[in-house]
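Look at the structure below and follow the report beside it. It deals with strands, salt bridges and surface charge.

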Amino acid sequence: MAKIFLIGYMGSGKSTAGKRLATKLKSEFIDLDEFIEGECGQTIPGIFEEKGEAEFRAIEHNALKKLIAKENTVIACGGGTPCYYGNMELMNNNGITVYIKMSADALTSRLMNSRNKRPLLEDKTEEELRQFIAEHLEKREDFYHQAHYTVKGKDLDIDELVRFVSKV
Ligand code: S3P
């Protein structure tokens, strides 16, 4: 089995789906954010705070390049990964990309309680969060829609996803 990249907005369930998918496929699972935290010895909010978003994107791109040679791996990306440094093309050319799609409303409710772990969302009220996500998601979908497959994030059927990627 090849390399599978799970992409999608923050809170869409990429890591949970990725772990389950990797178990079913008997593949290794890597969470890109955790990989970056391990490499940098710093949390993602810490990297944003100390180095800023632009440097985080460069670190993220380098981390992705390090993982590109791996086989039999399911990689859960960060929500912004596909949108910078040609990462979407890099992933499309080196594995199977799957967009876990969820509506802005569903994402808003899921992210309300975990927004403080995410530097781009912290300090927003529920209404600000809803508006930010709706606009941000629309821009990001230009990249997300380049994925080989799109699956519904709500009530995600892992067995269907397994059948999907096994056919490739
Ligand atoms: C980001 C998403 C985060 C993390 C960072 C930036 C984004 O990952 O990479 O906070 O730009 O959407 P998750 O999608 O796992 O929350």
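In which helix do Glu127 and Arg130 both lie, and how many residues apart are they? Both residues belong to helix H7, and they are 3 residues apart, about one turn of the helix. The model shown here is a predicted one.

**Salt bridges**

Side chains of opposite charge can pair when their charged atoms come close. The structure holds 10 salt bridges. Three of them, including the pair just named, are listed in the table.

| Pair | N to O distance |
|---|---|
| Lys3 and Glu71 | 3.7 Å |
| Glu126 and Arg130 | 3.1 Å |
| Glu127 and Arg130 | 3.6 Å |

Arg130 appears in two rows, with Glu126 as one partner and Glu127 as another. Helix H7 covers residues 126–144, and Glu126 and Arg130 are 4 residues apart in this helix, so about one helical turn separates them. Glu126 has a relative accessible area of 39% and is partly exposed. Arg130 is also partly exposed, at 27% relative accessibility. Asp105 joins Glu126, Glu127 and Arg130 in a network of salt bridges.

The salt bridge of Lys3 with Glu71 links parts of the chain that are far from each other in numbering: Lys3 lies in the segment before S1, and Glu71 lies in the loop between helix H4 (53–67) and S3, so the pair ties together parts that are 68 residues apart in sequence. Lys3 is buried, because its relative accessible area is 1% and the limit for buried is under 20%. Glu71, at 49% relative accessibility, is partly exposed.

**Strand S1 and its partners**

In a regular strand the side chains alternate between the two faces of the sheet. Strand S1 (residues 4–7) has Ile4 and Leu6 on one side and Phe5 and Ile7 on the other. All four of these residues are buried, and both faces of S1 are covered.

S1 runs parallel to strand S3 (residues 73–76), and 3 bridges join the two. Ile4 has Val74 as its bridge partner in S3. S1 also runs parallel to strand S4 (residues 96–101), here with 4 bridges. Val98 of S4 is the bridge partner of Leu6.

**Charge on the surface**

Which residues gather in a patch of negative charge on the surface? They are Glu49, Glu50, Glu55, Glu122 and Asp123. One of them, Glu50, is found in helix H3 (residues 44–51). Glu50 counts as exposed because its relative accessibility is 60%, and exposed means over 50%.

Notes. Residues are numbered from 1 along each chain as its sequence is written. This is a predicted model: local features need pLDDT of at least 70, side-chain atom pairs count only at pLDDT 80 or more; totals for chains, interfaces and linings use all residues. Side-chain values use heavy atoms; hydrogens and water are left out. Patches are made of residues with over 30% relative accessible area and no salt bridge: like charges are joined within 9 Å, nonpolar side chains (Val, Leu, Ile, Met, Phe, Trp, Tyr) within 5 Å. Accessible areas come from the Shrake-Rupley method with a 1.4 Å probe; for residues, only the protein chains shown count as cover. A salt bridge is a side-chain nitrogen of Lys or Arg within 4 Å of a carboxyl oxygen of Asp or Glu. Lys and Arg count as positive and Asp and Glu as negative; His and the chain ends are not counted. The place of a charge is taken as NZ of Lys, CZ of Arg, CG of Asp or CD of Glu. Buried means under 20% relative accessible area, exposed over 50%, partly exposed in between (1.4 Å probe, protein chains only). Two strands pair if DSSP finds at least two bridges between them.
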